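Hi,

Here is the structure I promised to pass on. Have a look at it first, and then read on for my notes on what turned up.

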Amino acid sequence: MSVKQIGNAEFADAISSGITVVDFNATWCGPCRMLGPVLEELSEELEGKASFYAVDVDDNPELAQTYGIASIPYVAVFKDGQKVDEQIGFVPKPALSAFITRNL
C-alpha cells in the first residue's frame, strides 16, 4: 500500500468506508515534504487497517475550505466518511503512528 494522491472528484468515495487517513499538503510546504515519507512507511505498516490518501490543498482549495484547514500539513482520520480526529503540523513517526493507531 502507498499513499495515493487524490482530488475533489475521488475524495467522497475515498473516505466513504472504513478508516481513512488523509494528508492535506502542498508541494511548497517543507514540513509536508518531511511528513510524506513517514506516511508512506505507516501506510505499509498499517496495510489492511487503514487507507492512506494525500490531497494537495493548492489544487483542491474547496476541500481545504470544507474542512477548515488553515495550516498544513494537516492529517485527518475519517471513519466511514466522518472526520474523527486531526493532527496539524509535522510530528515524528512514533507520534503519528500513535495518533493513527488510536483511531483504528
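Let me start at a turn: the hairpin of β4 and β5 has 2 residues between its strands, and Asp-80 there takes a positive phi near 50°. Bear in mind while you browse that this is a predicted model. The two strands of that hairpin are antiparallel and pair over 6 bridges. If you want a spot to click on, Lys-79 stands opposite Gln-82 in β5.

Zooming out to the sheet, you'll find 5 strands in an open arrangement, ordered β1-β3-β2-β4-β5, with mixed pairing. Which strands stand at the edges? They are β1 (4–5) and β5 (82–88); each has a single partner strand, so one side of each is left without a neighbour in the sheet. As a reminder, strands of a sheet pair through backbone hydrogen bonds, and they can do so in parallel or antiparallel fashion. At the β1 edge the pairing is parallel, with 2 bridges joining β1 to β3 (residues 51–56). Gln-5 is the residue to look for there, since Ala-54 in β3 stands opposite Gln-5.

Now the helices on the sheet. Helix α1 (residues 8–15) lies across β2 (19–25), β3 and β4 (74–79), and runs at about 150° to β2. Helix α2 (residues 30–45) packs on the sheet too, touching β2, β3 and β4, with its direction at about 160° to that of β2.

On to the cysteines. How many disulfides does the structure hold? The count is 1, and the partners are Cys-29 and Cys-32, with their sulfur atoms 2.3 Å apart. The link between Cys-29 and Cys-32 is right-handed, with 80° about the S-S bond. Both Cys-29 and Cys-32 are buried.

Then the charged pairs, which you may want to check when you set things up. A search of the whole structure gives 4 salt bridges. One of them joins Glu-45 and Lys-93, whose closest N and O atoms are 2.5 Å apart. Glu-45 sits in helix α2 and Lys-93 in helix α4 (residues 93–101), so this pair ties together parts that are 48 residues apart in sequence. Both ends are partly exposed: Glu-45 has a relative accessible area of 48%, and Lys-93 comes in at 25%.

Another salt bridge brings together the side chains of Lys-83 and Glu-86, at 2.9 Å from N to O. Here Lys-83 is partly exposed at 34% relative accessibility, and Glu-86 is partly exposed as well, at 35%.

Arg-102 and Asp-85 also form a salt bridge, the closest N and O atoms being 3.0 Å apart. Arg-102 lies in the segment after α4 and Asp-85 in strand β5, so the pair ties together parts that are 17 residues apart in sequence. Are the two ends buried or exposed? Arg-102 counts as exposed, at 58% relative accessibility, whereas Asp-85 is buried, at 18%; the cut-off for buried is under 20%, so Asp-85 falls on that side of it.

One last item on the charges: Glu-41, Glu-45 and Lys-93 belong to one network, joined by salt bridges that share partners.

Cheers

Notes: Residues are numbered from 1 along each chain as its sequence is written. This is a predicted model: local features need pLDDT of at least 70, side-chain atom pairs count only at pLDDT 80 or more; totals for chains, interfaces and linings use all residues. Side-chain values use heavy atoms; hydrogens and water are left out. A disulfide is a pair of cysteine sulfur atoms within 2.5 Å. Buried means under 20% relative accessible area, exposed over 50%, partly exposed in between (1.4 Å probe, protein chains only). Two strands pair if DSSP finds at least two bridges between them. Helices (H or I, at least four residues) and strands (E, at least two) are DSSP runs, numbered from the N terminus. Contact means heavy atoms within 4.5 Å. Axes are lines fitted to C-alpha atoms, for helices over the stretch in contact, and angles run from 0 to 180 degrees between N-to-C directions.
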